[in-house]
Structure formats: C-alpha cells, structure tokens
Amino acid sequence: PGSRRAGGVLARNVAVLTGSQVATWCASLAWSLVVPRVLGPAQIGIYTLGVAAGGVLTVVIGLGMQPLLVREIAADKDRAPALIGTSIVLRGLISLPVLAGVVIATRLGHIGAEEGAALTLGWGMCIFYLLAEPIQSAFQASDKMQYLAYAGVLTKTGVAVGGIALVLVGVRAIGLLITSIAVMAVVMALNFIWVRRLSSIDWRVTWARLRSLFLAALPYWSFAAFFTIYLWIDSLMLGIMTSSTVLGWYGLPTRLFGTLLFVPTILSTAWLPQMVRRAAAGGEGIWHSAHTSIELVLSISMPVCVGTALVAPALIRLLYGPAFAQSAPVMVILAFCLPPMYFGAMVNQVLIALKRQMDWTKVMALASIVNPIANLILIPYFQRRTGNGAIGAALSLLVTELLISGIGVALTRRAFSAGTFVRLGKALVATAGMALVVELTLRRAGLAAGILSGVVTLSVLAVVLRVLSAEERDLLREALARITRRGKGARSTPG
C-alpha cells in the first residue's frame with residue numbers, strides 16, 4: 001500500500017508538471033519562432049548575454065541552496081517557516097554588494113552600452129526569481145507541485161507573450177530583459193500569496209540562523225557555482241572572443257535546446273521528494289527509484305536526440321531563414337548532448353537524496369575546468385576555419401557532457417543491472433527505426449511529414465518492443481488520466 005501511495009503521488013506530480021511543461025514549452029516555442037527572426041543574431045546575442053549574466057548571478061546570490069531546502073523540508077515540514085524566512089533574508093543581504101559589483105564592472109569594463117545594460121538587467125532578472133525560490137522549494141518538498149506549475153506557466157507565458165508583442169512594435173533586446181524582470185516580480189508576489197495556504201514565514205531571523213544556513217549551503221553553493229560556470233561560460237566566452245552575431249547563432253539553438261530538457265526537469269522535480277524519503281528510510285528503496293528514473297530518462301533521450309539532429313537543419317532553415325543558417329550545425333551538435341544531460345539530471349537528484357552532493361560537486365568542478373579549456377581551443381579554431389566559433393562552443397559542451405556521464409555511471413553503478421542494457425538496447429532499436437523512416441520521409445515529403453512519420457514509427461516500435469516497463473506504463477496511464485480529468489474539469493468550469 002505504501003508503494004502504491006508513493007506511486008500515486010508521483011503520478012500526480014508528473015501529471016501536474018507535465019501539464020505546465022506543455023504550456024511553457026508552447027510559450028517558449030512561440031517566442032523562439034518569432035523573436036529571433038525579428039531581432040536578428042546581434043540583438044539575440046545581447047539578450048543571451050543578459051540571460052547568461054542572470055544565470056551566473058543567480059548562483060552568487062542564491063547560494064545554490066534550493067536542493068538543500070527541498071531535502072530539509074521534505075524530511076521535516078515543521079522547519080519550513082524558519083528556512084523560508086532565513087533564506088529570503090540571506091539572499092537579500094547578499095544581493096546588495098553583488099549589485100554594486102555589477103555596476104562597477106559595467107562602468108569600468110570595456111564593453112558597449114547595450115552590453116553593460118544587459119549585464120545589469122541580468123541582476124534584476126535573478127533577484128525576483130531568487131526571492132521566490134525558497135517558497136517554491138517548500139512547495140516541491142511538500143508535493144504541492146501545482147504551485148511550481150503555476151509559477152512556471154505564468155513566467156514563461158508572460159515573458160513569451162510580452163516579448164512577442166514588444167518586438168513586433170520595435171522593442172529590442174534591452175526591452176525584452178526589462179519585460180522579463182516585470183513578469184518575475186509579479187510571479188514573486190503571487191508566491192508570497194500562495195504560501196499562506198501551506199505555511200507561514202518566520203521572519204524572526206537571527207545572525208545564528210543566517211550563519212547556520214550559510215554554512216549548510218556551502219556544499220550546494222560550490223556545486224551550483226561550478227555548474228553555472230560550466231553552463232554559461234561558453235556564451236560568455238563567445239561574447240568576448242567573437243561578435244554578438246556569432247553569439248546569436250549560438251543563443252538561438254541553446255534556446256531551442258532548453259525546451260527539449262522538459263523530460264528530466266519534470267521527472268527530477270517529481271522524484272526528488274520521494275528519493276529523499278526512501279534514502280532516509282534506508283534499504284534499497286532509493287536504488288529502486290534511481291534505477292527506474294535513470295532507465296526511463298535514457299530511453300526517452302535517445303529518440304529525442306536523434307530526431308532533433310535529423311530535423312534541425314530543415315527546421316532552422318524554414319523558421320529563421322538565411323540569417324541563422326550557421327545555427328543549424330550548432331543545433332545538431334547540441335542534440336547529442338541530450339542523453340548525457342538527461343542522465344546527469346537524475347544522477348544529481350540521487351546524490352542529493354543520499355547526502356552525497358559533494359561527489360557531484362567535484363564532478364562539476366572538473367567540468368568547469370575542462371569546458372573553458374575546450375572552449376579556449378575550439379572557439380578560435382572554428383572561428384578561423386569556418387567563421388562560426390559557436391560550433392566550437394557546442395563541441396566543447398558535448399565533450400564535457402560525455403566526460404561527466406562516464407563519472408556519473410561510476411557513482412550510480414548500483415542503479416544499473418543486466419536488464420538496464422537490454423532495456424536501452426530496445427530503446428536504441430526503436431530509435432534506429434524511427435531515424436530511418438524520418439530520413440526517408442524528409443527527402444521525399446518534407447519536414448512536417450518527416451516529424452509525423454517519426455512520431456508514429458517510434459510509438460509503434462516502443463509498444464512492440466515493450467520499451468516501457470509495466471511500472472512505467474502504469475505511471476504513464478495514471479498521469480495521463482489525471483491530465484485528462486484536469487482538462488475536463490477546466491472545460492466544465494464556467495468562465
């Protein structure tokens with residue numbers, strides 16, 4: 001019964017997060033279809049610089065404590081009020097000297113006015129997100145995933161709709177960054193309203209509490225710092241070593257690439273509270289969850305990877321025209337980063353649940369060294385040879401991801417069995433069949449027919465080969481049933 005209850009909660013969480021991811025994916029896709037084509041590579045490069053700055057500053061201010069908060073609140077919900085209040089105040093205190101540092105750097109650095117404004121606005125983008133994140137962590141730890149869904153949908157749709165409307169009337173990259181800040185401020189305010197239904201916030205913050213949380217967050221902070229350096233260093237190095245146009249050629253495919261990470265985002269978010277509780281209970285429960293989640297994401301990643309690589313050149317040519325032709329090879333390379341990134345997302349959650357976060361922190365420290373070195377070599381090489389240093393940045397990411405995956409396998413080897421390789425072999429056969437059909441259809445009938453034929457072929461082969469386990473089929477059926485019931489309820493609700 002306990003296992004069935006846990007499965008029901010997991011299915012509910014997956015259903016809620018899937019519904020929100022579909023909505024946010026559609027919003028991001030709409031943005032990606034319209035905004036880059038209107039702005040062009042140079043302005044997209046400036047926008048990417050602002051987003052990259054926001055990502056880096058999120059780690060500096062946020063201390064990487066989100067998984068710590070989820071783990072601690074999932075283990076003891078009574079700690080939620082104090083942890084939420086203390087983390088918000090701690091981040092607020094850190095944000096002020098960080099803002100001063102950004103302003104000084106933009107004034108003294110040899111950068112253009114728009115680039116400097118983008119860096120400063122990156123601080124604004126991260127601060128409103130970070131002040132709401134402790135509340136979101138409490139929702140996740142308490143299996144209240146609907147609030148994560150609300151925040152995600154409102155943020156992505158607000159940024160997408162606002163961005164599309166503004167670029168059509170002539171607003172440029174800086175205006176889009178300001179719009180993002182406004183949307184995040186509204187969503188932050190809503191989180192403070194929603195949290196009243198779950199928990200109060202204890203604002204009686206003491207220096208002892210601040211110090212204790214700061215020290216507890218240090219292992220997570222170091223992981224987040226290394227991860228962020230690794231995640232954004234390619235964009236920052238491209239911006240320094242090439243032009244805004246080349247950065248735009250990289251920024252577009254990375255935006256599209258981000259929409260393909262919804263599967264590990266959903267599953268890692270939904271599975272973490274369960275993993276934490278199973279790890280606390282001891283025994284093999286945590287490894288059963290690790291085994292199931294890792295097999296599932298790797299099986300899904302294969303067709304997503306291959307399908308994206310096959311359709312990327314035709315898709316970018318159709319949607320964005322010749323201005324972004326150089327983005328096509330970048331997107332193909334990034335597609336092959338998907339399996340290791342899907343796998344790495346689940347490995348990270350397993351190690352968090354086991355309180356072995358420092359193991360993954362060491363891996364990310366290595367990645368944050370390897371990736372910049374690879375970028376330092378490959379960006380100028382491809383810039384000289386092809387005029388497109390973005391290819392070098394994408395290859396640097398792929399090389400680093402493959403290295404990380406090899407270490408991840410060693411760290412989670414108890415999650416693998418002989419059956420794992422049989423399962424992945426079936427997924428590989430289904431993917432190969434899909435790829436053959438897609439390639440033949442693309443040549444003869446075009447992009448739309450190629451995508452449709454690939455989806456149908458993959459679905460048939462997955463069923464015939466029984467790629468999904470019985471447990472996963474049950475989870476999928478229950479999640480789909482919950483999504484259907486939610487959809488019917490929404491349609492039957494008046495106005």
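Helices here are DSSP runs of H or I, at least four residues long, and strands are E runs of at least two; both are numbered from the N terminus. Keep in mind that this is a predicted model.

**Exercise 1. Work out the overall build of the protein: how many helices and strands does it have, and how does its radius of gyration sit against the globule rule?**

Step 1: Start with the secondary structure. The protein has 18 helices and zero strands.

Step 2: Now check the spread of the chain. The radius of gyration is 22 Å, close to the 23 Å that the globule rule gives for 495 residues, so the protein is as compact as a globular protein of that length. Boxed along the principal axes, the C-alpha atoms take up roughly 60 × 55 × 55 Å.

Step 3: Look at who talks to whom. Take contacts between residues at least 6 apart in sequence: 85% of them join residues at least 24 apart.

**Exercise 2. Find what fills the inside: which residues touch the most other members of the largest nonpolar core?**

Step 1: Get a feel for burial. Buried residues account for 52% of the 495 in the protein.

Step 2: Go to the largest nonpolar core, which holds 128 residues; Val 35, Ile 61, Ile 84, Leu 238, Tyr 250 and Trp 360 touch the most other members. Helix 5 (residues 113-141) gives the most to this core, 13 residues in total.

Step 3: Zoom in on Tyr 250. Skipping residues up to four places away in sequence, Tyr 250 touches a set that includes Asp 234, Leu 238, Val 330, Ala 390 and Leu 397.

Step 4: Don't miss the other one. A second, separate core has five residues, among them Val 311, Met 434, Leu 442 and Leu 447.

**Exercise 3. Compare two hydroxyl side chains: are Thr 420 and Ser 469 buried, partly exposed or exposed?**

Step 1: Place them. Thr 420 sits in helix 16 (residues 418-445), while Ser 469 is in the loop between helix 17 (447-465) and helix 18 (470-492).

Step 2: Apply the cut-offs: buried is under 20% relative accessible area, and exposed is over 50%. Thr 420 has 1%, so Thr 420 is buried. Ser 469 has 26%, so Ser 469 is partly exposed.

Step 3: Add the surroundings. Beyond its neighbours within four places in sequence, Thr 420 contacts His 291, Glu 295 and Ala 415. As for Ser 469, its C-alpha atom is 47 Å from that of Leu 121, with the two positions 348 residues apart along the chain.

Conventions:
Residues numbered from 1 in each chain as written. Predicted model: local features only at pLDDT ≥ 70, side-chain atom pairs only at ≥ 80, totals over all residues. Heavy atoms only, no water. Core = buried A, V, L, I, M, F, W, Y, C linked by side-chain atoms within 4.5 Å. Buried < 20%, exposed > 50% of the residue type's maximum accessible area, 1.4 Å probe, protein only. Contact = heavy atoms within 4.5 Å. Rg over C-alpha atoms; globule rule 2.2 N^0.38 Å.
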